[in-house]
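This report concerns the contact between two protein chains and the sheets in which their strands take part. The sequence and the structure are shown first.

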Amino acid sequence: MVLTLVEYDEEGLDDVSLQALTLARDVAEQADESLEAIAFGAGAADVAGEAGNHGVETLHAVEDDALDDYAPEAYGRAVVQCAEEVGTEAVIGPGTDRGAETLAHAASKLDVTMAAEVTDVEVGDSYELTRQRWGGTLIEHSRLSAETNLLTVAANEVSVSATGGDAAAVEAFAPDVQEGDLRVQLTAVEESDVEGVPLGEARVVVSGGRGTDGDFSELEALVENVPNAALGSSRAAVNEGWRPHDDQIGQTGAKIAPEIYIPCGISGAVQHMVGCKGAENILAINTDPEAAIIQKADWAVIADLHEVAPAIADELEARGHSE
Amino acid sequence: MEILTAIKRVPETGAKVSLTDDKLDIDTTSLGFTFSPHEECAVEEGVQLVEEHGGNVTVLTLGEEDATEQLRSAIAMGADDGMLLDGGDDEWGPAATATAVAEAVEASDTDFDLLLFGNESADAANHQVGVRVAEELGLPCVTGIKDLDVGEGVATAKREIPGGSEVYEVDLPAVVTVKEGLNEPRYPSMRAKMQARKASVEQTEPEPREDDLELVELEVPETDDSPAEIIGESPEAAEEVVDVLEELEVV
Ligand SMILES: Cc1cc2nc3c(=O)[nH]c(=O)nc-3n(C[C@H](O)[C@H](O)[C@H](O)COP(=O)(O)OP(=O)(O)OC[C@H]3O[C@@H](n4cnc5c(N)ncnc54)[C@H](O)[C@@H]3O)c2cc1C
Ligand SMILES: Nc1ncnc2c1ncn2[C@@H]1O[C@H](COP(=O)(O)O)[C@@H](O)[C@H]1O
């Protein structure tokens, strides 16, 4: 049996959980095992239909009021108990903050290593894994051979497919959670008051790096004139104190997937590029024709961004595109 | 307050990554070394907390002897003591690393109030060393933190989610794993760097335990490196740029 940890909200299973289910189903098929899932919270049973549609036979709905609010260690404990009770050869989770945190607790309790950021599994005597290092800059082939193989699936790397199967059978699971497991529990959720289009949702992202020399005014003006556009930056610009870290795109910043990405005065370091690999198109503006970003872009303008950006804004206005 | 921060030495790659012939490592012949931006924030947070509450920041790394260079960078940022767990040239897996770190914490004369880790290491991104150390030491743990507020025996920690943040309260001592954006790490002064060179670093040699995850081979992902179409070399290219935007129907 292969057990998959899934997360959901009012709209159903979340994307990364569906990706995890797709990879888990592949593992289950290779191992000739059944696919089962575990979900927490009061609405767990409601996702049985969708889970079944992605190949899940049995959904273990954790039944414990104390666990309705997220509690990482207790969730880890419950996953371990469920895995032991149903006898599983693998536990697979989504590569989200909660997925990784829950399985890391579970792995530690089981005294096995968890493999994170996995994109592919070949099942044999051990699991031959493909996983991401350096935020996707490098690929690692490795071998996982624990008594129970625990792994998380890298976010947005697996394309989801459904089976059209019937709803999963729901089985209530009552874990035996200890007092200490609830030491850390979600206390509150705060809404942020960010204005404008969030980076992750923008159709156009214009960003500036060290090449701006600290002057982002032209890039800001350009973004204001394009609908659904957001401003981003490289880490160099954040380190200089020119932009807040929220604007940073890359391995340790935001991941974006716009229709077009327009990096200005950014050299194209690998840690920056993994943040924008979801972009459909890249148009680079840089004074250096040898900059790595030119190799990685679809179009390039070799010129000073401080002159090109205002010219683009003027041209948009001349053609009646200004907001 | 007694604070421990854990950092990992990694190569500072630029626009292109090359591998060694056996494909087990990054070819670092012409590269410098650093530690993760997340861990930089962990060190900065420790230093700021000690500036506010008094106490000491100990910075620890497990790795080859050259990793003392990263300990000294952290000391230049304001950490007080360095601790090298000499693990030799080979990378240790996350279970082995965590056990060695937990044992070093237990063996230490210091009772740490706060143990700060990166949310994930820059290279391996195993997402677990901090959690495992917490489990081994029986401490509570919060991960992925971008906002930390430490009060009397308790910390309030926030983790970013789309459109807001989750709030966790945790009693000290605790393990907190952090992400870049938590604070703005300082640039050490020349003088601090010089002094850090002289700081003493405690060194031990832990025994590795087995890890279930074994590296077979690394691979550089294929990227489309066909050069871009140069659509202009002056501000007049704005016309071509807007043509592209119109074609993509984003304006
Ligand atoms: C573990 C790790 C994680 C990292 N995570 C991230 C991350 O999340 N995001 C990130 O961005 N970086 C990250 N980095 C840093 C990354 O390696 C680079 O240092 C950084 O991206 C460089 O930023 P930059 O391109 O703005 O600066 P530079 O590399 O200095 O490039 C500046 C560019 O501007 C051009 N230029 C100069 N003047 C002009 C002008 N007037 N007009 C047009 N062009 C001009 C230059 O030709 C040059 O190409 C990380 C590094 C490490 C080690
Ligand atoms: N070799 C190491 N030495 C010291 N700290 C480490 C080491 N490996 C990992 N860590 C710490 O654990 C965090 C998470 O690492 P990982 O589980 O590999 O993603 C890192 O950000 C570091 O703070």
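The sections below treat the interface and then two sheets.

## Extent of the interface

The model is predicted. In it, 85 residues of chain A are in contact with 85 residues of chain B. The two chains bury about 7200 Å² between them, and 53% of this area lies on carbon and sulfur atoms.

## Polar and charged contacts

Across the interface of chain A and chain B, 48 residue pairs are in polar contact, counting pairs with both residues at pLDDT 80 or more. On the side of chain A that touches chain B, helix α4 of chain A (residues 97–110) contributes the largest share, with 9 residues. By class, this side of chain A has 39 nonpolar, 22 polar and 24 charged residues.

The interface of chain A and chain B also holds 14 salt bridges. One salt bridge joins K146(B) to D246(A), with the closest N and O atoms 4.0 Å apart.

## The parallel sheet

An open sheet of 6 strands, with parallel pairing, follows the order β14(A)-β13(A)-β15(A)-β16(A)-β17(A)-β13(B). Strand β14 of chain A (229–233) and β13 of chain B stand at the edges with a single partner strand each, so one side of each has no neighbour in the sheet. From one strand to the next, the twist averages 20°.

Between the chains, strand β17 of chain A (residues 299–302) pairs in the parallel sense with strand β13 of chain B (residues 229–232) over 3 bridges. Here A300(A) stands opposite I230(B). Within chain A, β17(A) is joined by 4 bridges to strand β16 (residues 281–286), and these two strands run parallel. In that pairing N286(A) is opposite I302(A).

## The mixed sheet

An open sheet of 10 strands has mixed pairing and the order β11(A)-β5(A)-β4(A)-β1(A)-β6(A)-β10(A)-β7(A)-β8(A)-β9(A)-β12(B). Its edges are β11 of chain A (169–173) and β12 of chain B (213–219); each has a single partner strand, so one side of each is left without a neighbour in the sheet. The twist averages 35° from one strand to the next. Strand β9 of chain A (residues 138–144) and β12(B) pair in the antiparallel sense over 6 bridges, and E217(B) is the bridge partner of H141(A).

Helix α1 of chain A (residues 15–31) packs on the sheet, touching strands of chain A that include β1 (2–5), β4 (35–39) and β6 (90–94). The direction of helix α1 makes about 40° with that of β7(A). Helix α4(A) lies across β1, β6, β7 and β10 of chain A and runs at about 170° to β10(A).

Terms used: Residues numbered from 1 in each chain as written. Chains lettered and ligands numbered in written order. Predicted model: local features only at pLDDT ≥ 70, side-chain atom pairs only at ≥ 80, totals over all residues. Heavy atoms only, no water. Contact = heavy atoms within 4.5 Å. Buried area = accessible area lost by both parts, 1.4 Å probe. Salt bridge = Lys/Arg side-chain N within 4 Å of Asp/Glu carboxyl O. Polar contact = N/O pair within 3.5 Å; in protein donor to acceptor, adjacent residues only side chain to side chain. Nonpolar A, V, L, I, M, F, W, Y, C, P; charged D, E, K, R; others polar. Pairing = 2+ DSSP bridges. Axes fitted to C-alpha atoms, helices over the stretch in contact; angles between N-to-C directions.
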